[in-house]
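I opened my notebook to look up how this chain is put together and where its charged side chains meet. I began with the overall picture and then turned to single pairs.

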Amino acid sequence: MVKKEKSKKRKRSYSPFFSAWQFRIAAAVVVVQSVISSVAAVPSLAETTPLLTNIWPGISFLNTIRLGNSVLANSELLALADQQYIAPNGREHNSNLGALTGILFRAPPDGDLDFSSRAGATSHHPTPSENSAVLIASRALGLIRQRRTDPPPEPVPPPSAIRVICTNHRECPRCRGTLQIRRRAKAVWLLLPGAVEAAAVALHVCNGCGARIRPDLVEFKAGGEQVWEYDGAAEFLKVGKRMWASRAFCQSFITFLELGHVATSSFARIYAELYAPEPDWKLGSDHVWKSFVLHCAIGLATEADLPLRSLSSSTTEDIVRIALPRYLSSKRVPGALEHSCPECAHFARTWKEGKMPGDGDAAKLPTGKDAELVEHTTKDMDTVITMAVCDGINAGHVTCPVPGCRNEPENYRDRRFCVEHVGNYQLCGVHPCGAAVVETAAGEAYIGACADPAHQALWYAHVKYKGRENVLGHRRMIRQKKAALGRQGVALQEPWWNEEREPEVEGGVGDPANHGGEEQADGAVGRVPNQPKPKTMWRYGKIHCLEILVWACGFVISWDKFYTGEGEHEVLDFLQTTFNDPATCPSYLAFDRACRLMLSINAHDELEYLLEWFKLIVDAWHWAGHSATDILCQLHCNPAPLDGSAPNLVVPLIDPVELEEALASPNPEDTVRGVARRFRRMFNTEASEHLNSWVTGFGGMLARMKA
């Protein structure tokens, strides 16, 4: 009876579950260590730690991990050290091992790895104890043999670390409550700038207010609805059901977009080709687009110190519609009017003698550096001269084809009219006919024109032109498909498409010549001589241009969309919207039709204040096309007058080298007069053209964007 009581007490004092698993784990560790020691002859952790401690007293756990990772990352160099060790007369501390040790222990302070803080590490050559530390770590990882007679070491794969993505908050950002993990982590793909990693996402819930905290946002209830508030300090963003992207990935796409005009689909295809973790892994353009939108919207919200909120399960389009009017309500770039740099602003210059000196006065010029910068001018340190450049570019999104309508179409594939004009599908496409289209029987091709033969001729010309566009698009897709199959090693037998075949007209409507038309551009058939081109509504409409105003250095001030044309009235309205204070206006404004703009201002008394705020000039490129007999243009809009009337636009210079040579000649007075005078523009009047050449690369993307 006494023995049974003791056994019962022993069972109560120890947990059966804990004791059972404790012994199982201990037994498994013993078995694994014995197998490793017997097969690979690799020392255990218990054997390696004292050896490192004796060589490197006070070694930290972090430096131990760094040392192990560095050794694993240089397995090829250690394989050479192993071969050098087993060679005749080979040594353990050989040159290959010493090279790796020198890199690890002599890294610069700002390097990724720095073991140089160890006491006594002053020489550029590794010490024997440092070589021994690397040798011990290499043998512990099985990269160098313990003895020359041991079998060669097998390659050790680097350890794979599982990244768990979680929120940056240590407590609830709304009520300071404790965060508790909501459920088990969810496996996702993490997009990084140069790799795709398998990761897990941890979702938390606040014990106080019940808010759900994701790594990129906080979800809470407000006004009876679930609301998302994005975290401005989030490092990772959710861009798909099981796809997350780092902010560095978003920035890499922006770099591709700015430097190479790479669209989302092209970037997704390139990224998947380079970093796909699995053969069938794909990255969609919608993932890249959502990462771009979220990254920019969160950045704008953080800069404006306003939270970015949306309803739960909001789409990318919802985020755009929320962010644009809130953070970019004005088409003026924030802080652009206060911008100033040496390329777009300089101190005012005036002639010392009230006029530009003649060629015979070149001998009076100062020598040295001053002669290269100034000629008989003085600076007014209280006055700053600035210049802005305005120009338009033919790029932008599509619109409803009804003249005067600025609404966006129903979709961008096959529904060109907006919701307000959906009834126009049954009307003649020639504006302003308004008659009903010709009724066709079942199986016959649709005709988008009325019974008027001239209108039908325009329709058939449009169909042929559209058919050519579709065929070229199909050919491009076929070439891309062939290239993709070729990269996969698939042989193509008897291609079903003959790229040399003459394309047929879509819909079987036949040759436009059979209907009274000729092979001309869309809208050119059926025209009456000396009459304007008829307007048709069979294609999507498009805005006329994007008007961009920049400083002479290229810094963008503001922009706007011109739907009908780049007329003087539209430009004046654009300038009045941008500039509302003479203190922020430029001293000069370069525009390709500055003389016409000046005439329009003179015709409206209420706009004459603009001529007091800034002076209008023509940019240098378009100046060559302006009439030499236009007195107003030649007198007031010249971008580079060479008579000295505008020292703030162009300054005459003398080459200091030529001047020194002339002054050292036997007859300096005669020689100096022959020195060539050069003129330098103080501003770049083509800054807007340079920006337009960069924006042109986005023409295809802008044409497919929504209004």
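Entry one, the whole chain. I noted that this is a predicted model, and that of the 707 residues of the chain 39% count as buried. I then looked up the secondary structure, which comes to 22 helices and 23 strands. Among contacts between residues at least 6 apart in sequence, I found that 64% join residues at least 24 apart. The chain exposes about 41,400 Å², and carbon and sulfur atoms supply 55% of that area.

Entry two, salt bridges. I found that the structure holds 13 salt bridges. In one of them, arginine 309 meets glutamate 229 with N and O 3.0 Å apart; this pair links distant parts of the chain, since arginine 309 lies in strand β11 and glutamate 229 in strand β8, 80 residues apart. I looked up a second pair, arginine 321 and glutamate 408, whose closest N and O atoms are 3.8 Å apart. Here arginine 321 belongs to helix α11, while glutamate 408 sits in the loop between β14 and β15, 87 residues apart. Is arginine 321 buried or exposed? I wrote down that arginine 321 counts as partly exposed, because its relative accessibility is 47%, and the limits for that class are 20% and 50%.

Entry three, a charged patch. I saw that Arg182, Arg183, Arg184, Arg212, Lys241 and Arg242 gather in a patch of positive charge on the surface. Of these I checked arginine 182, which is found in the loop between β2 and β3 and is partly exposed at 38% relative accessibility.

Methods: Residues are numbered from 1 along each chain as its sequence is written. This is a predicted model: local features need pLDDT of at least 70, side-chain atom pairs count only at pLDDT 80 or more; totals for chains, interfaces and linings use all residues. Side-chain values use heavy atoms; hydrogens and water are left out. Patches are made of residues with over 30% relative accessible area and no salt bridge: like charges are joined within 9 Å, nonpolar side chains (Val, Leu, Ile, Met, Phe, Trp, Tyr) within 5 Å. Accessible areas come from the Shrake-Rupley method with a 1.4 Å probe; for residues, only the protein chains shown count as cover. A salt bridge is a side-chain nitrogen of Lys or Arg within 4 Å of a carboxyl oxygen of Asp or Glu. Lys and Arg count as positive and Asp and Glu as negative; His and the chain ends are not counted. The place of a charge is taken as NZ of Lys, CZ of Arg, CG of Asp or CD of Glu. Helices (H or I, at least four residues) and strands (E, at least two) are DSSP runs, numbered from the N terminus. Buried means under 20% relative accessible area, exposed over 50%, partly exposed in between (1.4 Å probe, protein chains only). Contact means heavy atoms within 4.5 Å.
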